[in-house]
Amino acid sequence: MVTPFAQCIARPPEEGRPRLLVEHLTAVAAGCGSRDGDPAERLGHLAGLLHDAGKATTGWQRYIREGKGKGPPHAPLGAALFAYCAAPLVGVWAEGNRAAREALEDLVLDWTRAVYDHHGVLENLEDLPPWEATAHPITVRDLVGDLDLAGALRLVADAFAGFSGTAEDCRDWLDRCERDWARAKKLTRARVLERDLGRAPAALAVAGRGLRLAGLSARLVRADRGDAGQMSRLPLLQELALEAGEALVTTCREKAAAALGEGANAALVGARGELQAAAVARYRRHPGASLFTLLLPTGYGKTLAALRVALAAVAAGRCDRIIYVAPYLSILSQAAREIASATGLEVFEHHHLTVASEAADVADEMGPLDNWEAPVLATTFNQLFRALFPRRAQHTLRLGALDRAFIIVDEPQIIDSAVWAAFVRALAALCELRSCQVLFATATLPPIAPAAGAEPVHLAGELPPARPGRYRVLPRSVPFAAREVAEAVRLARGGDGAVSGPPRSVAVVMNTIADAVAVWRAVEESIDDGDGERFFLSAMMLPGHKALTIAQIAAALKAGSGPIAICTQVIEAGVDLSFDEILRASTILPSVAQVAGRANRHGEKQRARVTVFPFVRGDGKDSRPYVYRDAVTREETDALLGASPELQEEEMGEALARYYDRVWQRSQGTACLERFREAARGNWKELGGLQPYSDGPPRRELLVPREAEGMSAAMCRLRERFAPEGVDQLIDRVQNPRFLKRLAFADRKRLWALVRQYCVAVPERIARDQGAALTEWLAVLKDLKDYDERLGMAIHFAENVEEASCTIF
């Protein structure tokens with residue numbers, strides 16, 4: 001028996017009272033648009049009013065009331081009802097104005113797609129309506145006979161005067177809608193695009209139009225989740241930003257005093273403070289700008305300088321939250337901890353561990369965590385790309401969180417050159433659409449103006465002319481194998497009298513985890529245990545283990561004991577360490593500049609050597625092309641480094657400028673911008689799912705069941721709250737749906753933040769071989785002996801398996 005529409009429920013009873021479907025639809029409609037606004041706003045209201053109308057079917061009402069199985073798809077019927085109701089209303093709202101009518105008909109296409117996909121993947125517009133283009137066991141024609149259709153249409157008539165649709169007319173429309181849809185998709189869209197993009201600035205207009213489907217989806221999904229109680233925006237208050245800015249200034253002064261006490265170069269330390277203050281002053285002269293750069297050499301404190309600018313923007317009322325974006329998960333926690341320590345603000349981290357698997361529905365216990373509502377957020381490039389180029393409707397939740405946000409993009413040069421221009425243009429367009437601001441903080445920045453359509457505001461002032469030269473880069477052409485790298489380490493430290501004085505500190509930075517493990521073993525075999533402390537550092541270590549290792553390296557450096565650090569690229573960003581000498585496997589020039597910033601970082605000694613060498617594995621292969629896959633970037637690096645026997649720090653800026661100019665010219669960097677025009681035509685998948693770079697083989701979270709070390713005080717408090725009896729209790733609670741369901745939204749975020757302290761993201765093979773499944777996305781290490789005290793899970797990487805080319809740094 002069909003349930004009257006007014007009596008249908010949207011969710012099971014809460015506190016004894018069910019949430020009526022009409023109440024849910026009305027609330028979501030208000031979040032999507034205004035019934036009294038302009039026609040475009042009214043269409044948004046209509047989309048919200050009908051997006052879940054399919055939940056009124058007998059099958060869905062039985063599912064939600066009895067709680068058994070899974071309800072039938074409801075989005076197809078909601079999309080069809082929206083398209084049906086929109087057709088006559090568009091004619092009323094744009095009567096006598098053909099251009100206005102066509103513009104609304106075109107907008108109906110995207111809203112229909114957004115409603116249809118609001119629980120799944122965002123698809124392209126097809127020549128058929130989406131409910132006809134996709135095969136379902138139950139058709140929309142079947143579903144319209146399984147609900148109180150007249151009641152659903154009365155809801156629309158009550159909201160919009162002039163609507164007189166009937167159940168019979170709706171059924172007839174379903175038989176003829178394919179022709180009208182095809183005409184709108186093929187002809188109307190082409191005319192509207194020609195009109196709209198012909199009279200607007202091309203660069204950002206095309207981008208904004210290309211991103212429209214994601215924007216509409218964001219409005220709908222955000223309103224839908226908001227009514228479900230899963231969204232709560234928390235702005236950073238101006239007074240808190242002001243206090244945090246003052247705390248940051250104090251922290252920077254304390255750091256400067258400590259650096260001077262440890263022998264840092266006074267001119268360099270003074271320049272850091274002056275450049276930070278100058279950056280804030282320049283921002284205040286351009287508060288209305290959208291894009292900014294902060295180009296400072298590595299070691300000049302650009303991350304904290306960028307944070308000072310962001311806090312100034314919030315304190316002035318221009319922005320109301322801060323999003324810090326780091327390139328790799330491996331440095332995210334370190335940066336978040338530094339931000340929290342320097343400002344006193346709570347920083348919420350968001351990356352792939354805090355969301356459910358791609359296949360999971362938003363009803364999954366992790367689903368609500370896929371939002372960016374915290375006042376201060378730290379996230380990764382991968383997650384930011386999901387916000388800019390969402391593949392699933394769930395990902396569009398993040399778009400709303402960009403409203404009036406100040407976004408710090410740290411080390412953006414790491415983004416693949418093939419998608420760089422699309423990334424910049426999307427950010428520029430969203431700054432216009434969402435009143436956000438973006439600051440690129442780096443020592444090496446690819447061109448921005450060609451993609452953004454204008455030059456950004458440069459916040460960094462002139463560097464002191466008498467600044468100390470901290471390093472020189474020495475390129476080698478003769479390849480090293482692991483044993484030869486170990487011998488180079490021994491000589492660099494002063495072996496055989498190669499260097500006089502106390503033993504020198506040496507860092508070796510390899511391109512892959514497997515290469516770093518091979519060098520570690522060679523060093524272990526060839527250098528006596530008593531000849532200096534040695535450390536290993538990669539992303540295959542628990543967060544606390546990694547943080548503790550970094551602290552131990554820093555202590556050994558301070559003590560002057562000449563430590564040896566074998567690392568992956570994790571050391572190139574967000575790590576404040578200073579070595580006497582660095583050996584770097586051949587890479588690309590921006591990476592050379594980054595790692596060189598860890599050589600004599602504070603100018604406390606004579607120029608350090610940074611030796612760049614080709615590395616060959618035991619099988620004679622070079623891993624460099626597996627990680628740095630763009631041949632143009634490798635070729636231009638080799639040409640620039642091979643042009644002279646050495647490259648000093650003072651020459652690095654000019655070398656980088658030549659590098660980016662040559663790469664940009666050869667790679668046709670703006671070619672990817674055509675994706676925005678294709679998306680505007682209806683081919684969303686040209687943009688949806690773009691990635692900043694390859695992550696290598698698929699990964700899975702592996703929980704290591706040992707008490708986490710190096711946790712912050714805040715994490716220790718969470719451990720006492722959620723798992724006072726230890727890690728076994730934490731594992732039990734992760735698997736307990738009843739416990740998870742009892743937690744409030746914010747507490748679920750805190751619980752998963754605690755879980756992250758016990759996890760390493762490992763390739764699927766390692767998770768399968770060494771772990772036992774806990775959930776769809778999480779495994780637990782079966783034997784603690786499989787987590788090495790020095791190398792963590794990196795001990796399971798070898799040159800002869802697929803992870804040898806893994807770019808999990």
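Helix α25 (residues 631-641) and helix α26 (residues 649-667) pack at an angle of about 145 degrees, their axes lying 10 Å apart. Here an axis is a line fitted to C-alpha atoms over the stretch in contact, and angles run from 0 to 180 degrees between N-to-C directions. Helices are DSSP runs of H or I with at least four residues, strands are E runs of at least two, and both are numbered from the N terminus. This is a predicted model, in which local features need pLDDT of at least 70 and side-chain atom pairs count only at pLDDT 80 or more, while totals for chains, interfaces and linings use all residues. Residues are numbered from 1 along each chain as its sequence is written, and side-chain values use heavy atoms, without hydrogens or water.

Let's look at who meets whom. From α25 come V632, T633, E635, E636, T637, A639 and L640, and from α26 come A655, R658, Y659, R662, V663 and R666, with contact meaning heavy atoms within 4.5 Å. By class, this contact holds 6 nonpolar, 2 polar and 5 charged residues.

Staying with α26, we find E649 in a salt bridge with R470 (2.6 Å, N to O); the term requires a side-chain nitrogen of Lys or Arg within 4 Å of a carboxyl oxygen of Asp or Glu. R470 sits in the loop between β9 (457-458) and β10 (471-475), so the pair links parts of the chain 179 residues apart. The count of salt bridges comes to 51.

Now for the empty space. There are 3 cavities of 30 Å³ or more, a cavity being a set of points on a 1 Å grid where a 1.4 Å probe fits but cannot get out. The second largest has about 70 Å³ of space, the volume filled by probe spheres set on the points. Its lining (residues with an atom within 4 Å of a point) includes D110, R113, R209 and W684.

Conventions. Ala, Val, Leu, Ile, Met, Phe, Trp, Tyr, Cys and Pro count as nonpolar, Asp, Glu, Lys and Arg as charged, and the others, Gly among them, as polar. On a 1 Å grid over the protein atoms alone, a cavity is a set of points where a 1.4 Å probe fits but cannot get out, and a pocket is an open set with protein on both sides within 12 Å along at least five of seven lines; lining residues have an atom within 4 Å of a point.
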